[in-house]
Amino acid sequence: MESSALKNLLGQLFSRPPRAFVRTYGCQGNLSDSERIKGILAAAGFDFCTCTEEADLIIMNTCAIREHAQERVFGNIGALKPLKEQRREMKIAVCGCMPQQGGVGEKIQRRFPFVDLVFGTHALPQLPQMLFEIYSGTKHLRRVEDEEGTISENLPIKRDSSFKAWLPISYGCDNFCSYCVVPYVRGRERSRAFDVVVKEARELAAQGYKDITLLGQNVNSYRDGNKNFPKLVKEIDSIEGDFRIRFMTSHPKDCSEELLRTMAQCRKAARHLHLPVQSGNDEILSAMNRKYTRSQYLETVNLAKSLMPDLTITSDIIVGFPGESEAQFRDTLDLVRQVEYGSLFTFIYSPRDGTAAAALPDPVSRQEKVARLQELCSLQESIALRRISRYQGKVLRVLAEEVREFLPDGQALISARMESNGVVEFAGDEGFVGQFLDVEITDTNRLILKGKFCECHGRKITGIEGVTA
């Protein structure tokens with residue numbers, strides 16, 4: 001169905017443009033999906049609001065990757081019941097990965113009968129039709145497609161930023177890591193057409209976007225015929241414009257020498273590589289079905305560092321995978337010391353129904369897992385503080401992203417992103433947001449650096465991070 005039919009129906013039901021509130025949980029892929037949801041809503045005539053109390057339509061785009069995230073969503077859905085009782089004409093929809101997970105969509109409808117619409121990840125292109133049905137009087141609509149998923153192009157997009165853009169290049173995953181539900185909720189891996197992705201990147205650059213992030217559940221296994229991910233990065237790098245290229249998430253088994261050499265050669269490719277290791281022990285990696293060994297991972301890291309000495313590597317680590325011993329956890333700590341990550345996303349293992357790991361014996365107590373996580377985080381913080389001390393007194397090229405607050409002298413406290421993905425704060429004009437700027441680092445005693453705005457006045461800038469020579 002075209003959005004025009006829905007727009008006409010809404011025009012009959014509302015004396016003003018209806019207001020929508022979209023809340024997103026989870027990864028960058030979900031954020032990108034929400035931009036398409038908002039694009040569809042905007043095309044149908046919706047305005048947007050920032051709180052549920054003002055909304056005529058609430059859409060919750062959910063994540064199923066961890067139990068904590070799922071329970072948080074359940075709690076927030078339940079909190080909407082009093083609002084729905086006060087405003088029965090308001091519509092509530094729950095979408096994304098949770099409904100796509102086996103049985104969860106039905107559970108949402110049973111547990112929260114006031115929810116009007118539940119739909120999975122593959123049903124997004126049908127959103128105009130589904131909204132038309134619920135606004136026409138259909139109650140408790142659920143649409144969860146069992147297919148492996150298709151690629152729907154030309155969906156409208158309402159981007160959250162005017163200078164940072166998500167650019168999906170593939171969907172789904174074929175890896176079936178034993179702890180992960182992504183292949184079940186996102187479907188099997190499928191790549192967008194090479195020319196379509198490049199065209200979208202060219203349009204983003206022409207519109208002035210400064211930071212373009214290529215997205216995929218396993219971004220570096222992208223392939224369209226004989227065109228692979230390194231070729232895609234190289235092609236986008238050749239587009240005219242002043243912008244950075246980022247990408248995530250990379251699976252270590254597909255992080256090839258060709259990709260690393262391409263990164264090293266491309267001037268617009270950020271010197272940041274997110275390379276989730278999950279564990280530093282071979283037995284645990286095998287139980288996770290990660291398809292690489294500790295030594296293979298370290299070989300990739302060492303090659304990346306040799307090709308790009310200014311590269312920052314970040315990672316994901318799961319603590320307390322079923323059966324993980326103290327000695328195996330120590331192997332992870334040792335790997336963290338060797339790699340010296342810029343930052344880590346750390347998690348306690350969360351069992352997911354339907355995954356192979358959920359059936360494994362798990363004798364380690366929650367208390368012990370929490371203690372291990374705290375030790376890992378403490379180690380990483382010490383490494384990060386040591387790493388960032390090298391920036392003291394340096395001038396970096398950063399992208400100003402947001403105003404954190406206004407200072408007593410009238411200036412804005414600006415938060416900016418470094419090429420390495422680190423954050424620096426400095427005082428400046430609120431009009432700086434969305435621009436590349438030079439900032440001198442003045443304080444490296446905390447994980448968020450402090451700096452001051454400066455102009456280089458012709459001084460030579462060397463290195464992809466923009467360290468002044």
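# Rings, cores and helices

Trainee: How many aromatic pairs does the structure hold?

Mentor: Keep in mind that this is a predicted model. Its count of aromatic pairs is eight.

Trainee: What is the angle between the planes in the pair of Phe321 and Tyr349?

Mentor: A ring pair is described by the distance of the centres and the angle of the planes. For Phe321 and Tyr349, the centres lie 5.5 Å from each other. The pair is edge-to-face, with the planes at 70°.

Trainee: How many residues apart in sequence are the parts that this pair ties together?

Mentor: Phe321 belongs to the loop between β15 (312–319) and α14 (326–339). Tyr349 belongs to the loop between β16 (343–348) and α15 (366–388). The pair therefore ties together parts whose separation in sequence is 28 residues.

Trainee: Is Tyr349 buried or exposed?

Mentor: The cut-off for buried is under 20% relative accessible area. Its partner Phe321 has 1%, so Phe321 is buried. Tyr349 has 7%, so Tyr349 too counts as buried.

Trainee: Which residues do ring pairs link into a cluster?

Mentor: Look at the phenylalanines here. The cluster consists of Phe74, Phe112 and Phe114.

Trainee: Over the ring of which residue does the charged end of Arg397 sit?

Mentor: Two arginines are worth finding. The charged end of Arg159 sits over the ring of Tyr209, 6.0 Å from its centre. For Arg397, the distance to the ring centre is 4.0 Å, and the ring is that of Phe436.

Trainee: Which helix gives the most to the largest nonpolar core?

Mentor: That core has 54 residues. Those touching the most other members are Leu214, Phe229, Leu232, Ile236, Tyr297 and Tyr341. With six residues, the top contributor is helix α9.

Trainee: How many residues are in the other core?

Mentor: Another core lies apart from this one. Among its members are Ile58, Cys63, Ala64 and Val104. Its size in residues is 26.

Trainee: Within what arc do the buried residues of α9 fall?

Mentor: In α9, the buried residues are Phe194, Val197, Val198, Glu200, Ala201, Leu204 and Ala205. They line one face of the helix, because their arc, seen down the axis, is 160°.

Trainee: Which exposed residues does the face of α9 turned away from its buried side carry?

Mentor: Start with the buried side. The buried residues pack against α2, β7 (164–168), β10 (211–215), β11 (223–224), β12 (227–228) and α10 (229–237). The face turned away carries the exposed residues Asp195 and Ala206.

Trainee: Which residue with positive phi follows α9?

Mentor: Helix α9 has 13 residues and reaches 18 Å from first C-alpha to last, close to the expected 18 Å. Next comes a residue with phi near 95°, Gly208.

Trainee: Against which helices do the buried residues of α1 pack?

Mentor: In α1 (residues 3–13), Ser3, Leu6, Leu9 and Leu10 are buried. They fall within an arc of 125°, so they line one face of the helix. The face turned away carries exposed Asn8, Gly11 and Gln12. The buried residues pack against α2 (28–43) and α7 (127–135).

Trainee: What distance separates the C-alpha atoms of Leu307 and Glu257?

Mentor: Leu307 is found in helix α13 (residues 294–307). Beyond four places in sequence, Leu307 touches Leu260, Arg261 and Ala264. Leu307 and Glu257 are 50 residues apart along the chain, and their C-alpha atoms are separated by 9.8 Å.

Trainee: Is Thr52 buried or exposed?

Mentor: Thr52 is found in the loop between β2 (47–48) and β3 (57–62). Beyond four places in sequence, its contacts are Phe21, Ile58, Leu80, Leu83, Arg87 and Met90. Its relative accessibility is 12%, so Thr52 counts as buried.

Trainee: Which residues does a cis peptide bond join?

Mentor: Omega is about 5° at this bond. One partner, Thr249, lies in the loop between β13 (244–248) and α11 (257–265). The bond joins Met248 and Thr249.

Trainee: What is the phi of Glu340?

Mentor: Take Lys291 before that: its phi is positive, near 70°, though Lys291 is not a glycine. Lys291 lies in the loop between α12 (282–287) and α13. Glu340 is found in the loop between α14 and β16. Glu340 is not a glycine either, and its positive phi is about 60°.

Key
Residues numbered from 1 in each chain as written. Predicted model: local features only at pLDDT ≥ 70, side-chain atom pairs only at ≥ 80, totals over all residues. Heavy atoms only, no water. Core = buried A, V, L, I, M, F, W, Y, C linked by side-chain atoms within 4.5 Å. Buried < 20%, exposed > 50% of the residue type's maximum accessible area, 1.4 Å probe, protein only. Helix = DSSP H or I, 4+ residues; strand = E, 2+ residues; numbered from the N terminus. Phe/Tyr/Trp six-rings, centres within 6.5 Å; stacked < 30°, edge-to-face > 60°. Lys NZ or Arg CZ within 6 Å of the ring centre and 35° of its normal. Arc of directions from axis to C-beta. Contact = heavy atoms within 4.5 Å. Expected span 1.5 Å × (residues − 1).
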